[in-house]
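Welcome to a short set of exercises. Please open the sequence and the model side by side, and try each task before reading its solution.

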Amino acid sequence: MLRSITRGLMNTACLLAVTIPVTAMAQDAIVTREGDERSRKIEAFLDGYIEGDFSSADTLFTPEAKFYWADMSKAMSLDDWREAVALQHQALRDFKMMNRVITTTEYPEYGPWTYVWTNWQATSKATGKPLDLPLHIMYRWDGDRVTAEFGYFDKGTFEAFLGDTLARMEPTDAPCPWD
């Protein structure tokens, strides 16, 4: 009888030793969702970007939001971002984000982040040549607004393509100084 009680207590102790840490870990678990409210906000924002409508940026981003595009050492402000995307739409057409996947992950220590994986595509208005770049974007949230955007893509290829397009669209009319 004593052996049976001892065995029962040992089984209970073992069960508690396993259950308590697992329950504590579940409370601090990292949770990833697709189709949640934050992911839908980013999806709507990106749909607007594709169409050249940047108006949702005012409600999505905090006024102090920072934008990092393939260069983590140089942040853009919201106004700089507006200028950059307006220039893209001035020079390029037929924007697409193919095979787009958007998820939001809640981290116990870092808060919510939304991730976008896609192939960004656009066509030069000057040459008709398309550009297709793999793109990964991360959005850091504070409450219901984004405080930072981190975009990872081949910045050299993008800048060369955009620069070539702009140069062809805006030829210089200035006379050659050597003539």
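**Exercise 1.** In which sense do β1 and strand β3 pair, and over how many bridges?

*Solution.* First, some ground rules: this is a predicted model, in which local features need pLDDT of at least 70 and side-chain atom pairs count only at pLDDT 80 or more, while totals for chains, interfaces and linings use all residues. Residues are numbered from 1 along each chain as its sequence is written, and side-chain values use heavy atoms, leaving out hydrogens and water.

Next, the terms: strands (E, at least two residues) and helices (H or I, at least four) are DSSP runs numbered from the N terminus, and two strands pair if DSSP finds at least two bridges between them. Now the result: β1 and β3 (residues 92–107) are antiparallel, with three bridges. Thr32 faces Thr105 of β3 across this pairing.

**Exercise 2.** Place the six strands of the open sheet in order.

*Solution.* Reading across, the order is β1-β3-β4-β5-β6-β2, and the pairing is mixed. The edges are β1 (31–33) and β2 (61–69), each of which pairs on one side only.

**Exercise 3.** Follow the hairpins from β4 to β6.

*Solution.* Start with β4 and β5, antiparallel strands joined by 11 bridges; Thr118 stands opposite Leu135 in β5. Five residues separate the two strands of this hairpin, and Gly128 in the turn has a positive phi of about 80 degrees. Then move on to β5 and β6, antiparallel with seven bridges, where Arg140 has Ala148 in β6 as its bridge partner. Here two residues lie between the strands, and Gly143 in the turn shows a positive phi of about 70 degrees.

**Exercise 4.** Is Thr123 buried or exposed?

*Solution.* Locate Thr123 in strand β4. Its relative accessible area is 11%, so Thr123 counts as buried (under 20% relative accessible area, with exposed over 50% and partly exposed in between, using a 1.4 Å probe and protein chains only). Leaving aside residues up to four places away in sequence, Thr123 touches Ala91, Leu92, Arg93, Asp94, Gly128, Lys129 and Pro130; contact means heavy atoms within 4.5 Å.

**Exercise 5.** Which helices lie across the sheet strands, and at what angles do they run?

*Solution.* Helix α2 (residues 37–51) lies across strands including β3, to which it runs at about 165 degrees. Helix α4 (residues 78–91) lies across β2, β3, β4 and β6, at about 55 degrees to β2. Axes are lines fitted to C-alpha atoms, for helices over the stretch in contact, and angles run from 0 to 180 degrees between N-to-C directions.
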